[in-house]
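Biologist: Could you take a close look at a single part of this model for me, one helix and its surroundings? I'd like to hear how the pieces fit together.

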Amino acid sequence: SDWSSDVCSSDLEEIRALADDGFGPPVPPAVNAHIHLPPNFSAFESVEQAIDLASQQEIGVLGVSNYYDYEVYGDFVERARAHGIFPLFGLEIISMLEGLRESGVKVNDPGNPGKTYICGKGITRFGEMTDKASRMLNTIRRNDRERMQQMTSRLQCLFAERGLETDVDEQAVIDMIAGRHGSPRETIYAQERHVSQAFQEALHEKIPAEDRIAQLNTLLGGDTQAGGPEDAVGIQNDIRSHLMKAGKPAFVDEKFLTFDEATQLILELGGIPSYPTLADGTSPLCQFEADIDHLTDTLQGEGIYAAEWILPRNTTAVVREYVTKMRAAGMVLTAGTEHNTLDLIPIEPRLADGPVPEDLKAIFWEGACVVAAHQFLTLHNECGYVDSAGQLNPQYPTTDVRIASLARIGAAVIGRYQETCSNIV
């Protein structure tokens, strides 16, 4: 697929000249650098819905960060272009830091020591992957598919033992996903949330509302936290927390890439490794993130020079403290919403306690521009923010000069893209 290169088809020297002149969008647009699109578990029914809502809400830059399969990105690009929305290409990987698992240290997953999410930003090699990247992705897909098969089977047996026969198996879960989103079956990799949704729907189908809570409590082996018999999302969360998490009866151990393997996969795909910061998205803070300076030093020591924030989880005070210190340490920061539950929240990111202040918006806009520049330069066989080995671009004398220069290039890329889209329309 050449859809990623289509987005960055402007002439290299033209963009460099525009960047030198300070060209870019006259007003920085609203940016969301991280959403999930179907067939990932998503608030959106379709790519069309996601782009239509983004356009209505005046989002100018939108980043997608799916797991497992990326075929949907082609539709994403086509629809984004029709609305003048600049697409950022990303992905998300789950990895394991074995030493921290053994010592009980939680990283950016509040329930599992050592389990570490990592994002890839500015990915450009989806169409022609290296053999190494293909092998690693296929390992992730195979391991996760086997795990979901086992967990689905365990849940089916458990429900039957506790009084509710269902016909939910792997194929039924895939049928549900394909039916909801119209996704090709071969692009679908079920996630825990999909499985819990399938069993929640079976409960709703088979048990009338007046009897549902009693039956649910029997199935859970405990009391539901759902808001009532029609609270589908609450019931799905109950199924996951009571039955599917570590130590629960349907849990199956996960097989992970190591953290180094995950970052290597991102680099093989042409991207920037980026750390998704949980911070006060959980309480108490994960030990790995509790000391900002130590967190930043550790990440940079591991070759991670970018970080991402899912803002609706976090409060203004904590985000400002962390982001300000991370940026001062020379990290590039981006922000998004995930949209990986059924809650259809606004696409422009908001903090848990209100709108994003202008100083933080400026930092996240800068980060989005750096990612756009990385995409553009990589697709023109130039070094972006990092090179293929993960080293920072050596062409710049200092961290701040590097970020500022790349941000100007990214702003020029975005501005030129939007002009081109406007002319097409």
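Modeller: First, a word on names: helices (H or I, at least four residues) and strands (E, at least two) are DSSP runs, numbered from the N terminus. This is a predicted model, so local features need pLDDT of at least 70 and side-chain atom pairs count only at pLDDT 80 or more, while totals for chains, interfaces and linings use all residues. Residues are numbered from 1 along each chain as its sequence is written, and side-chain values use heavy atoms, with hydrogens and water left out.

Let's go for helix α14, which spans residues 358-379 and holds valine 370. Valine 370 has a relative accessible area of just 1%, so it's buried (under 20%; exposed is over 50% and partly exposed in between, with a 1.4 Å probe and protein chains only). Setting aside neighbours within four places in sequence, valine 370 is in contact (heavy atoms within 4.5 Å) with Val332, Tyr385, Ile403, Leu406 and Ala407. There's a long-range pairing here too: glycine 122 sits 248 residues away from valine 370 along the chain, yet their C-alpha atoms are separated by 8.9 Å.

Now look at strand β8, residues 332-336, where you'll find threonine 334. Threonine 334 has 3% relative accessibility, so it counts as buried as well. Beyond its neighbours within four places in sequence, threonine 334 has quite a list of contacts: Ala33, Lys121, Ala307, Glu308, Trp309, Phe364, Gly367, Ala368 and Val371.

Phe364 turns up again where α14 meets helix α13, residues 316-328. The α13 and α14 axes lie 11 Å apart, and the two helices pack at an angle of about 45 degrees. That makes α13 oblique to α14; angles under 35 degrees are roughly parallel, over 145 roughly antiparallel, 65 to 115 roughly perpendicular, and the rest oblique. The axes are lines fitted to C-alpha atoms, for helices over the stretch in contact, with angles from 0 to 180 degrees between N-to-C directions. The α13/α14 crossing is left-handed, the near helix being turned anticlockwise from the far one by less than a right angle (clockwise would be right-handed).

On the α13 side of this contact are Val319, Arg320, Val323 and Arg327, and they meet Asp359, Leu360, Ile363, Phe364 and Glu366 of α14. Sorted by class, that's five nonpolar, four charged and no polar residues (nonpolar: Ala, Val, Leu, Ile, Met, Phe, Trp, Tyr, Cys and Pro; charged: Asp, Glu, Lys and Arg; polar: the others, Gly among them).

Follow the chain into the loop between α14 and α15 (399-424) and you come to asparagine 381. Asparagine 381 isn't a glycine, but its phi is positive, at about 60 degrees. With a relative accessible area of 75%, asparagine 381 is exposed. For contrast, try the loop between β6 and α12, which holds alanine 279. Alanine 279 also has a positive phi without being a glycine, at about 45 degrees, but its relative accessibility is 0%, so alanine 279 counts as buried.

One more helix pair to set beside α13 and α14: α6 (residues 131-161) and α11 (residues 259-268) pack at about 130 degrees, with axes 9 Å apart. That makes α6 oblique to α11, and their crossing is left-handed. From α6, Lys132, Ala133, Met136, Leu137 and Ile140 make the contact, and from α11, Glu261, Gln264, Leu265 and Glu268. Here the split is five nonpolar, one polar and three charged.
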